[in-house]
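Thanks for asking me to look this over. Here are my notes as numbered points, to read with the structure open beside you.

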Amino acid sequence: MTAKPLGIGILGLGTVGSAVGRAFADRQKRLDAAAGRTVRLLGAAVRDPKKARDAGGVPQTTDPFAILDDPAIGLVIEVIGGHQPAFDLQLAAFERGKHVVTANKEVVAKEWDTLHEAARLAHRELRFEAAVGGAVPVIRGLRELQAVRPQVLKGLLNGTTTYICSQLEQGVSFDDALAEAQQKGYAEADPTNDVDGFDAAYKLSILVSLLEGRHFRPEQVRRTSLRSIGPAEAAAAASRGMRLRYLAVADFGEKATKARVGPEEVPADSLEGRAGGPTNVISLESDMAATLVWSGPGAGGDATASAILADVIAIARGMR
Ligand code: NAP
Ligand code: HSE
């Protein structure tokens with residue numbers, strides 16, 4: 001392989017970052033072949049250096065700038081999550097001429113314009129396939145639909161709430177179902193983001209922004225919490241042949257786009273009704289392309305790492 005190697009650093013080594021670390025350790029040859037050059041994971045920044053991790057043995061530091069200032073690193077994967085310090089660290093990566101790949105839907109949804117502008121000025125790429133849909137390549141999918149007029153985008157964008165809803169149907173309590181989702185690595189560090197709909201609103205904001213080609217802010221999404229739902233409500237819906245799901249909907253009207261996230265009843269035999277666990281479902285109705293549907297694992301370390309690595313490979317292939 002004669003192309004210049006690409007050095008990679010990760011900020012954050014939790015559920016997602018550790019899965020990326022393991023993937024580099026167990027499929028280096030596959031990644032190099034797909035990237036058309038050697039791609040090497042050189043280091044990771046963490047908060048607690050004493051924490052035991054299964055992250056493929058990547059060297060660790062508690063100083064994110066040790067990663068950002070490393071001249072051998074040309075691409076930074078940000079998987080710390082949340083707004084700050086993630087936002088400043090992404091900007092610092094662009095200022096230092098590095099590409100950025102992130103799974104952080106909050107910072108992308110809130111700082112859409114600033115991050116895209118920073119990437120443009122730096123002549124570097126910002127990629128965030130993992131921020132919506134986990135392993136499901138829905139960002140790529142929507143980018144290929146520039147010619148259509150979107151009508152309705154609908155689906156399940158948050159794995160934790162789908163998991164909770166499907167467990168409520170089995171009679172599991174809300175708190176136990178949430179604890180299971182946390183234990184399985186689906187939930188955000190602060191699960192309020194999942195159950196109160198912030199996470200789904202960030203993701204819907206990103207999808208609408210892609211389809212409209214301009215920033216659709218997360219505050220424009222009407223949010224209803226899942227907290228009022230329990231096994232009794234799930235059983236009542238079932239008695240009507242329905243299921244409760246935490247639905248995200250964007251209606252692209254003639255004058256304005258209306259977007260909402262919250263618990264709604266869906267037919268039990270619909271794609272959304274049949275989805276359990278961390279499954280995401282996204283369907284888009286448009287004028288030219290009828291209805292397109294994407295579905296698959298929307299949360300979890302390995303599923304999310306798959307999308308991150310696809311972004312890494314795409315950037316590496318495009319480098320001269
Ligand atoms: P997580 O398990 O909470 O991991 C966060 C990591 O960031 C931890 O390793 C933590 O270090 C590190 N960290 C926090 N503050 C830091 C700082 N100031 N400097 C350096 N490192 C710092 O979170 P996660 O589930 O992996 O999620 C990461 C991102 O991916 C989030 O934006 C999330 O929304 C997104 N995402 C997650 C999933 C999923 O299924 N989990 C799916 C799609 C997208 P310590 O370990 O030392 O505390
Ligand atoms: N907490 C998120 C979810 C992770 O449950 O969908 C994936 O973005």
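1. Which helices each supply at least two residues of the lining of the largest pocket? Please keep in mind that this is a predicted model. The helices in question are H1 (15-26), H5 (105-110), H9 (174-183), H10 (192-195), H11 (198-212) and H14 (301-318).

2. Now to the pocket itself. The largest pocket holds about 1200 Å³ of space. Its lining is made up of 50 residues, and those closest to the centre are Thr-15, Val-79, Ile-80, Gly-81 and Ala-189. Sorted by class, the lining has 17 nonpolar, 21 polar and 12 charged residues.

3. Where does this pocket lie with respect to domain 1 and domain 2? The largest pocket lies between them, because residues of its lining come both from domain 1 (6-134 + 302-318) and from domain 2 (138-297). Note that domain 1 is written in two segments, so follow both when you colour the model by domain.

4. Next, ligand 1. It is surrounded by 25 residues, and Asp-48, Arg-53, Lys-105, Glu-188 and Gly-300 are the closest of these. Two side chains make polar contacts with oxygen atoms of the ligand: an N or O atom of Arg-47 is 3.0 Å from an oxygen of ligand 1, and for Lys-51 the distance from an N or O atom of the side chain to a ligand oxygen is 2.9 Å. The backbone takes part as well, with a polar backbone atom of Gly-185 lying 3.0 Å from a nitrogen atom of ligand 1. On its own ligand 1 has 900 Å² of accessible area, and the protein covers 88% of that.

5. Ligand 2 deserves its own look. The residues around ligand 2 include Lys-105, Asn-158, Gly-159, Tyr-186, Ala-187, Asp-194, Asp-199 and Gly-298. Which side chains come into polar contact with oxygen atoms of ligand 2? Thr-160 has a polar side-chain atom 2.6 Å from one oxygen atom of the ligand, and an N or O atom in the Lys-203 side chain is 2.8 Å from an oxygen atom of ligand 2. A nitrogen atom of ligand 2, for its part, is 2.7 Å from an N or O atom in the side chain of Glu-188. Of the 260 Å² of accessible area that ligand 2 has on its own, the protein covers 93%.

6. There is also a cavity to inspect. Searching the whole structure for cavities of 30 Å³ or more turns up one, with a volume of about 30 Å³. Lys-105, Glu-106, Glu-188, Asn-193, Asp-199 and Tyr-202 line this cavity, and H5 and H11 are the elements that give two or more residues to the lining. Four of the lining residues are charged, one is polar and one is nonpolar. Lys-105 and Glu-188 in this lining are also listed among the residues around ligand 1 and around ligand 2.

7. Finally, two backbone details to check by eye. Most residues other than glycine have a negative phi, and most peptide bonds are trans. Gln-84 and Pro-85, however, are joined by a cis peptide bond, with omega about 10 degrees. Pro-85 sits in the loop between strand E4 (73-78) and helix H4 (86-95). His-123 has a positive phi, near 55 degrees, and is placed in the loop between helix H6 (112-122) and strand E6 (126-127).

Conventions:
Residues numbered from 1 in each chain as written. Chains lettered and ligands numbered in written order. Predicted model: local features only at pLDDT ≥ 70, side-chain atom pairs only at ≥ 80, totals over all residues. Heavy atoms only, no water. 1 Å grid on protein atoms, 1.4 Å probe; cavity = no way out; pocket = protein on both sides within 12 Å on 5 of 7 lines; lining within 4 Å. Points joined across faces, edges and corners; volume = space filled by probe spheres on them. Helix = DSSP H or I, 4+ residues; strand = E, 2+ residues; numbered from the N terminus. Nonpolar A, V, L, I, M, F, W, Y, C, P; charged D, E, K, R; others polar. Domains from an automatic or database assignment. Near = heavy atom within 4 Å. Polar contact = N/O pair within 3.5 Å; in protein donor to acceptor, adjacent residues only side chain to side chain. Areas by Shrake-Rupley, 256 points an atom, 1.4 Å probe, with all protein chains shown as cover.
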